[in-house]
Protein chains: 2
Amino acid sequence: MKPGGTYLKGVAKREEILKKALDVIGREGIRGASVKEIADAVHLSPAGILHHFGTKEELFTEILRKRDELDQELFTDGAPAEQSALAYLNLTQRNAQVPGLIELFSEMAVKAADPQHPAHNFFVKRGVETRAGFEEAIRVLQESGRLQLHSDPAMLARVIQAVSDGLQMQWLLDPSVDMAAIMTALFEDCLGGSISELHDA
Amino acid sequence: MKPGGTYLKGVAKREEILKKALDVIGREGIRGASVKEIADAVHLSPAGILHHFGTKEELFTEILRKRDELDQELFTDGAPAEQSALAYLNLTQRNAQVPGLIELFSEMAVKAADPQHPAHNFFVKRGVETRAGFEEAIRVLQESGRLQLHSDPAMLARVIQAVSDGLQMQWLLDPSVDMAAIMTALFEDCLGGSISELHDA
DNA sequence: GTCTATACACAGATAGAC
DNA sequence: GTCTATCTGTGTATAGAC
């Protein structure tokens, strides 16, 4: 809304804050998830940060959004529907390397249950999109006969999302849980043993 | 550790606090989950509460434990292994009536990822026990031929737990999600369509 | 052993100066 | 756009009354 220079500087500053925040939280875990910690990391005061984002919860909502954005560029962009399941598995495996962000995501997901929470719409939309991807992949696999299970794709999509989220919680409690291995085994044993055909990445 | 009267009074007071706390949180949701709110509900000062429990996190750990205890009396006590899956479904359906407690549980589950958190061992133990119940039920069903799927019971138990936790998160975000229906459909479609045989409660 | 009163530490939010 | 100062709320620690 403002002429070039100033506006762009504001956006750039926001980006810088968000990137540094992802960094700090990834490294320090949820302990690094206070306004003050992030402020220190970008050499600003807490008030300076909140000038850009309004409130703490809005700041953290933007952090989540930013991570999704970065993830999407790396993994799922432009992949055909059939491969979205695989892309998701890759994502899962990679995310498992950054416990702090998973903690943040899980914590925010709970808080966002409140319709008034700034992240509420983000999580609703994210869930819808995630399941739509699964649904389409399932449909394609069913129609091509590579998936013998003929259950309602919408329901299966919900289940897959649930398994993914649920395994993350188990993994937070005990990092020795191999999420990707369980997901893969599940696809192969229950869904018709054909997801491995997609493996080429 | 102390002679009768006094000791019992202490225990009784703790029980009273825990019961009231479950009440308040169930009614007011996570907003009622501050030491002050609970203190008000039992007509005590915050310090009075903490005298009995030490810290806030320990208090809330005991609250979780208390709820499990009450749940167990109501549903799973004495049920044969084969029916534990059904008992769990019943529990799921009943819990869905008390959003505040599910929020509390989910939030604590995330915080308990930290091995130093007072609820860490509670959640670890709870997970082990939950999965052990599923595992035995699965084994029985497999051996009696009522479950055609021959995947590793331990892995399947993890998946079922994950679906259950994951669906709760979806439900928190959108209460129109019918957790029990999805769980039931999942058992019937993927696990061999035999869980309904157990339905008699 | 039980609890109140009080003091303290800290986080997030807000107002106003620069 | 950023800081300092301030206010509020919330959890925690301690002293001492009963």
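Start by superposing the two chains: chain A lies on chain B with an RMSD of 0.1 Å after a turn of 180 degrees and a shift of 0.0 Å along the axis (least squares on the C-alpha atoms of residues with pLDDT of at least 70 in both). The two copies are thus related as by a two-fold rotation axis.

This is a predicted model, in which local features need pLDDT of at least 70, side-chain atom pairs count only at pLDDT 80 or more, and totals for chains, interfaces and linings use all residues. Residues are numbered from 1 along each chain as its sequence is written, chains are lettered from A in the order in which they are written, and side-chain values use heavy atoms, with hydrogens and water left out.

Next, select the interface. Here 35 residues of chain A are in contact with 35 residues of chain B (heavy atoms within 4.5 Å). The copies meet through the same surface, because 100% of the interface residues of chain A are also interface residues in chain B.

Switch to a surface view. About 3,000 Å² is buried between chain A and chain B, and carbon and sulfur atoms give 74% of that area (accessible area, 1.4 Å probe, that two parts lose on being put together, summed over both).

Now colour the chain A side by element. Helix 6 (99–111), helix 7 (120–143), helix 8 (153–173) and helix 9 (179–190) of chain A each give two or more residues to the side that touches chain B (helices are DSSP runs of H or I, at least four residues, numbered from the N terminus). Zoom in on helix 8 of chain A: it gives the most, with 13 residues.
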